[in-house]
Amino acid sequence: TMTRKRHRGRLPLHDAIYTSKSVEFLDVLVQRDPESLAVRDPQTKLYPFQMSALKNLNKNAALWAHARYSNSEWKDLEPEDRATAVDEVIEEQHLEQLNTIYYLLRQHPAVIFPPTVQEKVHKFR
């Protein structure tokens, strides 16, 4: 399928996580290829949920905060208010990151267990 087409050895899910796509975007890929959740990224050697935990947040936070205001409004803000606006963006980014990690784990929780634990859990059921 198209979701298995690789670019530089990465699956589309890996690329989407690496480029900080939304959970809604990731969901489309996961629904088309749920097995990709159990595939480690060939470049980072991480599972998708682990990759999402590594995002370099706070990148462009000031730009995102500034985009919420007109240029004149931003210029008129006190430095403390600008800092607060940036902090709010960073908080939103952190929440979005946690949401992404949670979503990926909920879709395939088995990736957090070593194979021997998976087998024991499966036998116990």
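## A110 and the overall fold

At 25% relative accessibility, A110 counts as partly exposed. You'll find A110 in the loop between α6 and α7 (115-124). Along the sequence A110 sits 73 residues from L37, yet their C-alpha atoms are 9.7 Å apart in space. Keep in mind that this is a predicted model.

Zooming out, the protein chain has seven helices and zero strands. Read from the N terminus, the order of elements is simply α-α-α-α-α-α-α. Of the 125 residues in the protein chain, 31% are buried. Among contacts with a separation of 6 or more, 63% are between residues 24 or more positions apart. The surface the protein chain exposes comes to about 8,800 Å², with carbon and sulfur atoms supplying 55% of it.

## The two sides of α2

Which residues of α2 are buried? They are V23, L26, L29 and V30. These residues lie on the same side of α2, because they cover an arc of only 120 degrees around the axis. The general helix geometry is handy here: an α-helix has 3.6 residues a turn, so residues three or four places apart point the same way.

What covers those buried residues includes α1 (12-18) and α6 (79-107). Flip to the face of α2 turned away from its buried side and you meet the exposed residues E24, Q31 and R32.

## Nonpolar cores

The largest nonpolar core holds 16 residues, and the ones with the most contacts inside it are L13, I17, L26, F49, Y103 and L104. Elements giving two or more residues to this core are α1, α2, α3 and α6. Which of them gives the largest share? That's α2, with four residues.

Apart from this core lies another one, made of eight residues, including L77, A85, V89 and I90. As for L26, this residue turns up both on the buried side of α2 and among the residues with the most contacts in the largest core.

## D41 and its buried salt bridge

D41 belongs to the loop between α2 (23-32) and α3 (48-53). Is D41 buried or exposed? Buried: its relative accessible area is 0%, and a residue needs to be under 20% to count as buried. Leaving out residues up to four places away in sequence, D41 touches R10, H14, L46 and M51.

The touch with R10 is also a salt bridge between the two side chains, at 2.6 Å from N to O. This pair links distant parts of the chain, with D41 in the loop between α2 and α3 and R10 in the segment before α1, 31 residues apart. R10 is buried too, with a relative accessible area of 4%. As general background, side chains of opposite charge can pair when their charged atoms come close.

## The other salt bridge

How many salt bridges does the structure hold? The count is two. Besides the D41 pair, the side chains of E92 and R68 meet in a salt bridge, 2.3 Å from N to O. E92 lies in helix α6 and R68 in the loop between α4 (61-67) and α5 (71-76), so this pair ties together parts 24 residues apart in sequence.

Accessibility gives another angle on this pair. E92 is partly exposed, with a relative accessible area of 39%, and R68 is partly exposed as well, at 44%. For D41, by contrast, the value is 0%, which makes D41 buried.

Methods:
Residues numbered from 1 in each chain as written. Predicted model: local features only at pLDDT ≥ 70, side-chain atom pairs only at ≥ 80, totals over all residues. Heavy atoms only, no water. Buried < 20%, exposed > 50% of the residue type's maximum accessible area, 1.4 Å probe, protein only. Contact = heavy atoms within 4.5 Å. Arc of directions from axis to C-beta. Core = buried A, V, L, I, M, F, W, Y, C linked by side-chain atoms within 4.5 Å. Areas by Shrake-Rupley, 256 points an atom, 1.4 Å probe, with all protein chains shown as cover. Salt bridge = Lys/Arg side-chain N within 4 Å of Asp/Glu carboxyl O.
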